[in-house]
Amino acid sequence: MSRLPNGARVTWVGCCRGTPVKRGGEMDEPKPAGAVWHLLHLVSLDKPPQGKPCNGCGLCCIAEVCDLGKELGDEERCRALMPLGAGRFACGLVADPYRFLPPERLAPWHAIDQLAPGGQGEQALKAHFAGLLGAGRGCDADDEAIQAFQDEADANRQLPLL
């Protein structure tokens with residue numbers, strides 16, 4: 001049992017698309033859709049200050065799916081977020097775009113690969129996505145927004161059921 005900011009007492013039984021559900025199916029104090037707090041346990045690196053070099057912590061992609069990620073069909077959890085191990089992440093559209101894009105969008109890039117040696121179509125596609133994401137320009141995730149996301153996750157953390 002817990003209390004909401006409005007003072008209501010609630011027994012939470014789970015989450016549905018980021019919205020807490022009370023027993024009996026009533027909804028109370030909806031949380032923003034897209035809450036993917038369950039992914040935070042995968043993050044082990046501290047987010048660098050905004051503008052400093054990216055360390056691959058992944059918090060920016062977990063907190064908010066970018067427009068490129070949304071085009072892959074999921075606005076709540078980026079399908080292209082790739083765990084690299086040791087708590088680091090990479091954008092799959094930059095690291096391995098052929099794995100994450102649908103075949104119909106890859107036809108022109110495959111054609112370039114066949115015409116030019118060395119996978120130049122894939123390399124051009126990687127460079128294109130890196131440019132769109134601002135890769136190499138430092139961390140662009142707002143420090144306060146990420147801290148608010150982490151605070152919200154801490155406030156809504158649920159213990160696993162045994």
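So, the lining of the largest pocket: α1, α2 (67-70), β5 (81-85), β6 (88-91), α3 (92-95) and α7 each put in at least two residues. Keep in mind that this is a predicted model. The volume of that pocket comes out at about 930 Å³. There are 42 lining residues, and the ones closest to the centre are Cys54, Cys60, Cys61, Leu133 and Asp140.

Okay, let me pick one of those contributors, α7. This helix runs over residues 143-156, which is 14 residues. From first C-alpha to last, α7 reaches 20 Å, close to the 20 Å you'd expect at 1.5 Å a residue.

Which residues of α7 are buried? That's Ile146, Phe149, Ala153 and Asn156. Look down the axis of α7 and those buried residues sit within an arc of 95 degrees, so they line one face of the helix. What do they pack against? The partner is α1 (59-63), and α1, like α7, also supplies at least two residues to the pocket lining. Flip to the other side of α7 and you find Glu144 and Ala155, both exposed.

Now the N-terminal end of α7. Asp142 caps that end, with a side-chain oxygen 3.1 Å from the backbone nitrogen of Glu144.

Last stop, back over at β5 and β6, two more elements from the pocket lining. In the loop between them you'll find Ala86. Phi of Ala86 is near 55 degrees, so to speak a flag for us, being a positive value in a residue other than glycine. Buried or exposed, then, this Ala86? Its relative accessibility is 69%, and the cut-off for exposed is over 50%, so Ala86 counts as exposed.

Definitions and conventions:
Residues are numbered from 1 along each chain as its sequence is written. This is a predicted model: local features need pLDDT of at least 70, side-chain atom pairs count only at pLDDT 80 or more; totals for chains, interfaces and linings use all residues. Side-chain values use heavy atoms; hydrogens and water are left out. Helices (H or I, at least four residues) and strands (E, at least two) are DSSP runs, numbered from the N terminus. The expected span of a helix is 1.5 Å times one less than its number of residues. Buried means under 20% relative accessible area, exposed over 50%, partly exposed in between (1.4 Å probe, protein chains only). The arc is that of the directions from the helix axis to the C-beta atoms. Contact means heavy atoms within 4.5 Å. A polar contact is a pair of N or O atoms within 3.5 Å; within protein, one must be able to donate a hydrogen and the other to accept it, and residues adjacent in sequence count only if both atoms are side-chain atoms. On a 1 Å grid over the protein atoms alone, a cavity is a set of points where a 1.4 Å probe fits but cannot get out, and a pocket is an open set with protein on both sides within 12 Å along at least five of seven lines; lining residues have an atom within 4 Å of a point. Grid points are joined across faces, edges and corners, and a volume is the space filled by probe spheres set on the points.
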